[in-house]
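Visitor: Please give me a close look at a single part of this structure, and then place that part in its wider setting. I would rather have one long, connected account than a list of separate remarks.

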Amino acid sequence: PGAGSTIRIRGGASIYSSNDPLIVIDGVPVSNSNIAGIDNALATINPNDIESFTILKDASSTAIYGSRASNGVILITTKKGKGGGKLNVNFSSVNSLSKITKEYPVLTAAQFRQVLNNPVASLTPAQQGEAGGANTDWQSEIEGQAISADNDISFNGGIKGLPYRLSIG
């Protein structure tokens, strides 16, 4: 969880360099590496801001973008402001509650200590004492309820023919 995604369009074509496709956002090629704190260039875009995306996977992409496109190209077009002077506001909210549906049957702390104290375990009294005396249900502690929210708001319009769009997520 939390790791960057791996995208392969044309498979593995290189032994020593990256096999990642070239990502082009609104006509600007974006580097897939050397972005501090980000595992993937796609993490810089809010999915609600994407108007369309196109995958180029054949030799034409190399003819257009050069050798960097040998592993394919992902063309992303973001939403733009619309002229006309009228302000449009869009708001979206997704809220979720996650809860485990079934716990795995595991030994309780007392049952686990009983297994350790069994002569078959071949533990010394000092090792048996390391189990402690707490009766914490770690499965319930780790698998607690999770609440998440994803809120996005965008403003778009135009002022005297100059379109604008502001998006916050």
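Guide: Helices are taken here as DSSP runs of H or I with at least four residues, and they are numbered from the N terminus. In this predicted model, the part to look at closely is helix α2, in which F112 has its place and which spans residues 109–117. With a relative accessible area of 45%, F112 is partly exposed, and together with L107 and V115 F112 makes a nonpolar surface patch of about 280 Å². L116, which lies in this helix too, has a relative accessibility of 17% and therefore counts as buried, the cut-off being under 20%. The helix thus offers both situations, since F112 is partly exposed whereas L116 is buried. From L116 one can also look further along the chain, to Q127, which is eleven residues away in sequence and lies at a C-alpha to C-alpha distance of 8.6 Å.

For the wider setting, it helps to begin with the chain as a whole. Its secondary structure comprises four helices and seven strands, and read from the N terminus these elements follow the order β-β-β-α-β-β-α-α-α-β-β. The chain has 169 residues, of which 17% count as buried, and L116 is one of the residues with that status. About 12300 Å² of the protein chain is exposed, with 56% of that area supplied by carbon and sulfur atoms. When contacts between residues at least 6 apart in sequence are considered, 64% of them join residues at least 24 apart.

A surface patch of another kind includes a residue of helix α4. This helix covers residues 138–142 and contains E141, which gathers with E103, D137 and E143 in a patch of negative charge on the surface. At 58% relative accessibility E141 counts as exposed, because the cut-off for that class is over 50%. The nonpolar patch, by contrast, includes F112, whose 45% makes it partly exposed.

Opposite charges are the next topic, for side chains of opposite charge can pair when their charged atoms come close. The count of salt bridges comes to three. R8 forms one of them with D20, and the closest N and O atoms of that pair are 2.7 Å apart. Both R8 and D20 belong to the segment before β1, and the twelve residues that separate them make this a link between distant parts of the chain. R8 is partly exposed at 42% relative accessibility, and D20, at 28%, is partly exposed as well.

Another salt bridge joins the side chains of D26 and K80, with 3.0 Å from N to O. Because D26 is in the loop between β1 and β2 while K80 is in the loop between β4 (73–78) and β5 (88–98), this pair ties together parts that are 54 residues apart in sequence. Both partners are partly exposed, D26 with a relative accessible area of 36% and K80 at 42% relative accessibility. The backbone of D26 also deserves attention. Most residues other than glycine have a negative phi. D26, however, has a phi near 50°, a positive value in a residue that is not glycine, and the loop in which D26 lies runs between β1 (22–25) and β2 (28–30).

The side chains of R165 and D49 meet in a further salt bridge, again with 3.0 Å from N to O. That pair links strand β7 (residues 162–168), where R165 is found, with the loop between β2 and β3 (50–56), where D49 is found, across 116 residues. R165 is partly exposed at 24% relative accessibility, whereas D49, at 16%, counts as buried.

R165 also leads to a residue of strand β6. This strand is formed by residues 146–159 and holds N156, a residue that counts as buried at 9% relative accessibility. Apart from neighbours within four places in sequence, N156 is in contact with G81, K86, L87, N88, Y164 and R165. Through R165, the surroundings of N156 are therefore connected to the salt bridge with D49, a residue that is itself buried at 16%.

Terms used. Residues numbered from 1 in each chain as written. Predicted model: local features only at pLDDT ≥ 70, side-chain atom pairs only at ≥ 80, totals over all residues. Heavy atoms only, no water. Patch = residues over 30% accessible without salt bridge, like charges linked within 9 Å, V, L, I, M, F, W, Y side chains within 5 Å. Areas by Shrake-Rupley, 256 points an atom, 1.4 Å probe, with all protein chains shown as cover. Salt bridge = Lys/Arg side-chain N within 4 Å of Asp/Glu carboxyl O. Lys, Arg positive; Asp, Glu negative; His and termini not counted. Charge placed at Lys NZ, Arg CZ, Asp CG, Glu CD. Helix = DSSP H or I, 4+ residues; strand = E, 2+ residues; numbered from the N terminus. Buried < 20%, exposed > 50% of the residue type's maximum accessible area, 1.4 Å probe, protein only. Contact = heavy atoms within 4.5 Å.
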